Amino acid sequence: MDGLVESLMEELNCNVVFTIPLFGGIDVLESVVVTWIITGIIMIASLILVHGLKVRQIGRKQAALEKGICFLYDFFEELLGKDGRAYIPYLITVVIYIAIANMIGLLGMKSPTKDLNVTASLAVMSIILVEAAGIRKKGVKKWLKSFAEPIPIVAPINVLELFIRPLSLCMRLFGNVLGAVVVMALIKYLVPLIVPLPFSFYFDIFDGVIQAYVFVFLTSLYIKEAIE
């Protein structure tokens, strides 16, 4: 049992990769370095995919790319409506990042979403975008008045929701990743040979993509509520 606890702590522990010698030393965690790697992967893939685009006589690569982008735009537009098209690029970026982050364990790297700081940052960014969308659509005065709807007495609850939403997004993503880590650790501890392999593929691929979908789905609903 001590070995199981140690493996869990090692899996969840965020190691310091290096320290930047500024302001007394800034520790750069493993989750940050892996995030940089994921960002590089996305940027390089984007440059490769958009290279040589044509208006006529397009190739298979461009046709597949356009079909994939159209599918994502149609999917998010059904959730957000036409007024929310401006926020679709952010949602596509986030879903791609979280999906890759959850699957990068297959390459031997530690998923950044195992770090609570990463999931909290994603949640805070999303909620800031949600509130900015509401201000952009309604204006500052109507946005402030919306906290007193439908009756002024519920204003404290509506204000509290500003803090509950990012907490909910953060803990839902982190909690599911943490649950997968615990289950995999138990499986490896009890059956350490062949059995963990298919479970690893399930949690890293299928469950990882599902968690990315849930995160952006909820963010889309919050944006739609804000701009209605």
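## Close-up views of a predicted model

**View 1. The buried residues of helix α5.** In α5, the buried residues are Val118, Thr119, Leu122, Ala123, Ser126, Ile127, Leu129, Val130, Glu131, Ala133 and Gly134. The model shown here and in every other view is predicted. An α-helix has 3.6 residues a turn, so residues three or four places apart point the same way. Glu131 is one of the buried residues of α5. Ala132 also sits in helix α5, but Ala132 is partly exposed, with a relative accessible area of 39%.

**View 2. Length and ends of helix α5.** The helix runs over residues 116-138, 23 residues in total. From first C-alpha to last, α5 reaches 33 Å, close to the 33 Å expected at 1.5 Å a residue. Asp115 caps the N-terminal end. A side-chain oxygen of Asp115 lies 3.0 Å from the backbone nitrogen of Asn117. After α5 comes Gly139. The phi of Gly139 is positive, near 90°.

**View 3. Ala132 and Ala226.** These two residues are 94 residues apart along the chain. Their C-alpha atoms are separated by 8.8 Å. Ala132 belongs to α5. Ala226 falls within the span of α8 (196-227).

**View 4. The second largest cavity.** The structure holds two cavities of 30 Å³ or more. The second largest has about 30 Å³ of space. Its lining consists of Leu169, Arg172, Leu173, Gln211, Val214 and Phe215. Two elements, α7 (155-190) and α8 (196-227), each give two or more residues to this lining. By class, the lining residues of the second largest cavity are four nonpolar, one polar and one charged.

**View 5. Gln57 in a loop.** Gln57 lies in the loop between α2 (30-50) and α3 (60-80). Gln57 is not a glycine, yet its phi is positive, about 50°. Most residues other than glycine have a negative phi. The side of burial is clear: Gln57 is exposed, with a relative accessible area of 75%.

**View 6. Cys70 and Cys170.** A disulfide is a covalent bond between the sulfur atoms of two cysteines. With a cut-off of 2.5 Å between cysteine sulfur atoms, the count comes to zero disulfides. Cys70 is partly exposed, with a relative accessible area of 44%. Cys170, at 7% relative accessibility, counts as buried, because the limit for buried is under 20%.

Notes. Residues are numbered from 1 along each chain as its sequence is written. This is a predicted model: local features need pLDDT of at least 70, side-chain atom pairs count only at pLDDT 80 or more; totals for chains, interfaces and linings use all residues. Side-chain values use heavy atoms; hydrogens and water are left out. Helices (H or I, at least four residues) and strands (E, at least two) are DSSP runs, numbered from the N terminus. Buried means under 20% relative accessible area, exposed over 50%, partly exposed in between (1.4 Å probe, protein chains only). The expected span of a helix is 1.5 Å times one less than its number of residues. A polar contact is a pair of N or O atoms within 3.5 Å; within protein, one must be able to donate a hydrogen and the other to accept it, and residues adjacent in sequence count only if both atoms are side-chain atoms. On a 1 Å grid over the protein atoms alone, a cavity is a set of points where a 1.4 Å probe fits but cannot get out, and a pocket is an open set with protein on both sides within 12 Å along at least five of seven lines; lining residues have an atom within 4 Å of a point. Grid points are joined across faces, edges and corners, and a volume is the space filled by probe spheres set on the points. Ala, Val, Leu, Ile, Met, Phe, Trp, Tyr, Cys and Pro count as nonpolar, Asp, Glu, Lys and Arg as charged, and the others, Gly among them, as polar.
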